[in-house]
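Dear colleague,

Here is the structure that I promised to pass on to you. Please look through it first, and then read my notes below.

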Amino acid sequence: MKYTELGQTGLTVSRLCFGALTIGPLQRNLAPAEGSEVLLRALELGVNFVDTAEMYDTYEHIRLALERFPHREEVVVATKSYAYTREGMLKSLERAQQGLGQEVVPIFLLHEQESSHTLRGHWPALEVLLEAKAAGLVKAVGISTHYVQAVMAATAIPEIDVISPLINITGIGIQGGSREDMLAAIVKAAQAGKGIYAMKPLGGGHLLAQWAQALDYLLAIPVIHSVAVGMKSIAEVEHNVAFFQGRRDLPAPEPATRKLHIDAWCTGCGKCVAACPNGALELRDGQAAITMGEQCVYCGYCGASCPEFAIKVI
Ligand code: SF4
Ligand code: SF4
């Protein structure tokens, strides 16, 4: 496994980052013990970087894996919260510490930032993270985003250490510009010293048919320090680790069978439409409907926002 410095954070991370969204209830919904086995295999094979979020509900999966891993102090867990107030972020920090079973949360990000405006709106929450960093409870702070404008805005903020942007070979899911626009913003962010780890390298499964090219595209970009790949089985972990170790004689993974399902009892409240970062949903005839299926990256964020449990990735 290759490792790299994550910008100027002082953290050394594996180029393959374990994306934990896939093992949690928003996607494969593995029981914590089962999900922890998948993560533990990745840790044993040299992956030391784990991406999660409060919303993914995978803290227990990760804690169980860390408890069984003899070098847990070397594992860099990055989490995220939508909190925008002091009180909200204090609670999020406490939830992460308790959920992960450790006082220090290595990386804490503001989840899904869109622009300088949303960053301003989240400033009280960011201040909590900066205070936690000063107290040694967090090692690096930053944002995750699908938006070119948010990468540019975060680059201009010296307090931000890490950016997790959406980028992939076809640009699927990128908001506010093209793949080239996002890449140009990422290059400037890295030049400013930010640690960069890419999300959605396979477009939520849309790019599985060109799996090797899609990963090689990102691995060839030196300013992308690590790539978060969602993995939901030990076989997928071993497959991805082998690829990141240089094997190029591997078959593409099985095509994704995921789809977005909307139940008949949808009340048309519109919360999922507002929650979708990719504009893939709309209200039609009083119910949620998929407007641009190719824009859906199967993140499951719509399901997490639905009060009726009427929309889910299956
Ligand atoms: S429709 Fe749902 S799963 Fe698809 S991108 Fe939007 S929030 Fe994510
Ligand atoms: S959040 Fe749930 S109930 Fe509301 S529109 Fe979306 S699917 Fe329907």
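Cys 269 counts as partly exposed because its relative accessibility is 44%, whereas Cys 276, with a relative accessible area of 16%, is buried; here buried means under 20% relative accessible area, exposed over 50%, and partly exposed in between, with a 1.4 Å probe and protein chains only. A search of the whole structure finds zero disulfides, a disulfide being a pair of cysteine sulfur atoms within 2.5 Å.

Before going further, please keep in mind that this is a predicted model, in which local features need pLDDT of at least 70 and side-chain atom pairs count only at pLDDT 80 or more, while totals for chains, interfaces and linings use all residues. Residues are numbered from 1 along each chain as its sequence is written, chains are lettered from A and ligands numbered from 1 in the order in which they are written, and side-chain values use heavy atoms, with hydrogens and water left out.

Both cysteines also appear around the ligands, where a residue is counted as near if one of its heavy atoms lies within 4 Å. Cys 276 is among the residues that come nearest to ligand 1, together with Cys 296, Cys 299, Gly 300 and Cys 302, out of 14 around this ligand. The shell of ligand 1 holds twelve nonpolar residues, two polar and no charged, where Ala, Val, Leu, Ile, Met, Phe, Trp, Tyr, Cys and Pro count as nonpolar, Asp, Glu, Lys and Arg as charged, and the others, Gly among them, as polar. Cys 269 belongs to the residues around ligand 2, which also include Cys 266, Cys 272, Cys 306, Lys 271 and Glu 308, and that shell divides into seven nonpolar, three polar and two charged.

Turning to the fold, the protein chain has eleven helices and 14 strands, taken as DSSP runs (H or I of at least four residues for helices, E of at least two for strands) and numbered from the N terminus. Of its 314 residues, 54% count as buried, and the C-alpha atoms fill a box of roughly 50 × 50 × 40 Å along the principal axes.

One helix that you may wish to look at is α9 (residues 234–244), whose buried residues are Val 237, His 239, Asn 240, Val 241, Ala 242, Phe 243 and Phe 244. These buried residues pack against β3 (16–19), α1 (32–44), α8 (211–219) and β10 (226–230), and α9 is followed by Gly 246, which has a positive phi near 110°.

With best wishes

Terms used
Contact means heavy atoms within 4.5 Å.
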